2 protein chains.
Amino acid sequence: MEEISDDELIGLSVKDLNKLLKGKDKAEVQILKQRRRTLKNRGYAANCREKRLSQKDILDNEKEQLEKEIHSLQAENAKTQLEVGQMNQTYAALLRFKSRQLQTQTVKSEVS
Amino acid sequence: MEEISDDELIGLSVKDLNKLLKGKDKAEVQILKQRRRTLKNRGYAANCREKRLSQKDILDNEKEQLEKEIHSLQAENAKTQLEVGQMNQTYAALLRFKSRQLQTQTVKSEVS
DNA sequence: ATGATTAGTCAGCAG
DNA sequence: CTGCTGACTAATCAT
């Protein structure tokens, strides 16, 4: 019989494989089918490992994104806090103005 | 010869193993040493798999922590923003007060 | 020699 | 049956 390469064996559909195996020995067919299964498994295993790695990459990236978001939020927070501080200063100045005015009015009404 | 169990074989140091193997056939010794190596490898592989899993767990946990931190920062931000809003209201009221006062003063100085 | 990691193999489960 | 995954083995790398 003609030798069939791993790649060919993997590439063939079961149907085509059966066509190719028409008049063969049953034992021989079994052996070939087993070889096909094994080759497929080899691919599945490689696939499985690759998937494992890419999922780790995904996790790493997600983590990195979250860290960026944290930094962004921290910056935003700091900015807002600064804003609050400035407002407090303005607020204090206005309060001083207000109490000065009230005092003046009081004095005026006292003399009137 | 007496059979030695996997656990025993794994547990023995090379030294003790050699003692035990004093008068043995060289081929037999080689086979036993290979069995020992294989058993050790089995353990290493299991260890490797476990490590892989625990590292994934670590990543997952870190991710979860980061998400918690994000939520915390978001809450903090919202709170501060609210504070800013309230301050803006007070600020606006004070500003109204201030301009009213200034107006009054202006009027008074005009009539005087 | 020892331990860790990778690729291939098989068993066994899921669809 | 096809595809995936856990565990085992052997080969290989590093210490």
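Which element gives the largest share of the surface near DNA strand C? That share, eight residues, comes from H3(B). Helices here are DSSP runs of H or I with at least four residues, strands are runs of E with at least two, and both are numbered from the N terminus. The model is predicted, so to speak of local features requires pLDDT of at least 70 and side-chain atom pairs count only at pLDDT 80 or more, while totals for chains, interfaces and linings use all residues. Residues are numbered from 1 along each chain as its sequence is written, chains are lettered from A and ligands numbered from 1 in the order in which they are written, and side-chain values use heavy atoms, with hydrogens and water left out.

The two protein chains come before the DNA. Two copies of a chain are related by a rotation about an axis and a shift along it. Here a turn of 179° and a shift of 0.2 Å along the axis lay chain A on chain B with an RMSD of 0.4 Å, which is the relation of a two-fold axis. The superposition is by least squares on the C-alpha atoms of residues with pLDDT of at least 70 in both copies. Of the interface residues of chain A, 100% are also interface residues in chain B, so the copies meet through the same surface; contact means heavy atoms within 4.5 Å.

Next comes DNA strand C. A residue is near a strand if one of its heavy atoms lies within 4 Å of it. There are 14 residues around DNA strand C, and Arg42(A), Arg49(A), Arg37(B), Tyr44(B) and Lys51(B) come nearest. Of the atoms of DNA strand C that come within 4 Å of the protein, 54% belong to sugar and phosphate. Polar contacts are pairs of N or O atoms within 3.5 Å. In one of them, a polar side-chain atom of Tyr44(B) lies 2.6 Å from a phosphate oxygen of DNA strand C. For Thr38(A), the distance from a side-chain N or O atom to a phosphate oxygen of this strand is 3.1 Å, and for Asn47(B) it is 3.3 Å. Helix H3 (26-111) of chain A and helix H3 (26-111) of chain B are the elements that give two or more residues to this surface. By class, the surface near DNA strand C has four nonpolar, three polar and seven charged residues. In this scheme Ala, Val, Leu, Ile, Met, Phe, Trp, Tyr, Cys and Pro count as nonpolar, Asp, Glu, Lys and Arg as charged, and the others, Gly among them, as polar.

DNA strand D is surrounded by 16 residues, the closest being Val14(A), Arg37(A), Tyr44(A), Lys51(A) and Arg42(B). Sugar and phosphate make up 67% of the atoms of DNA strand D that come within 4 Å of the protein. Phosphate oxygens of this strand lie 2.5 Å from a polar side-chain atom of Tyr44(A) and 2.7 Å from a side-chain N or O atom of Lys51(A). Arg37(B) has a side-chain N or O atom 3.3 Å from a base oxygen of DNA strand D. H3(A) gives the most to the surface near this strand, with nine residues.

Definitions and conventions: A polar contact is a pair of N or O atoms within 3.5 Å; within protein, one must be able to donate a hydrogen and the other to accept it, and residues adjacent in sequence count only if both atoms are side-chain atoms.
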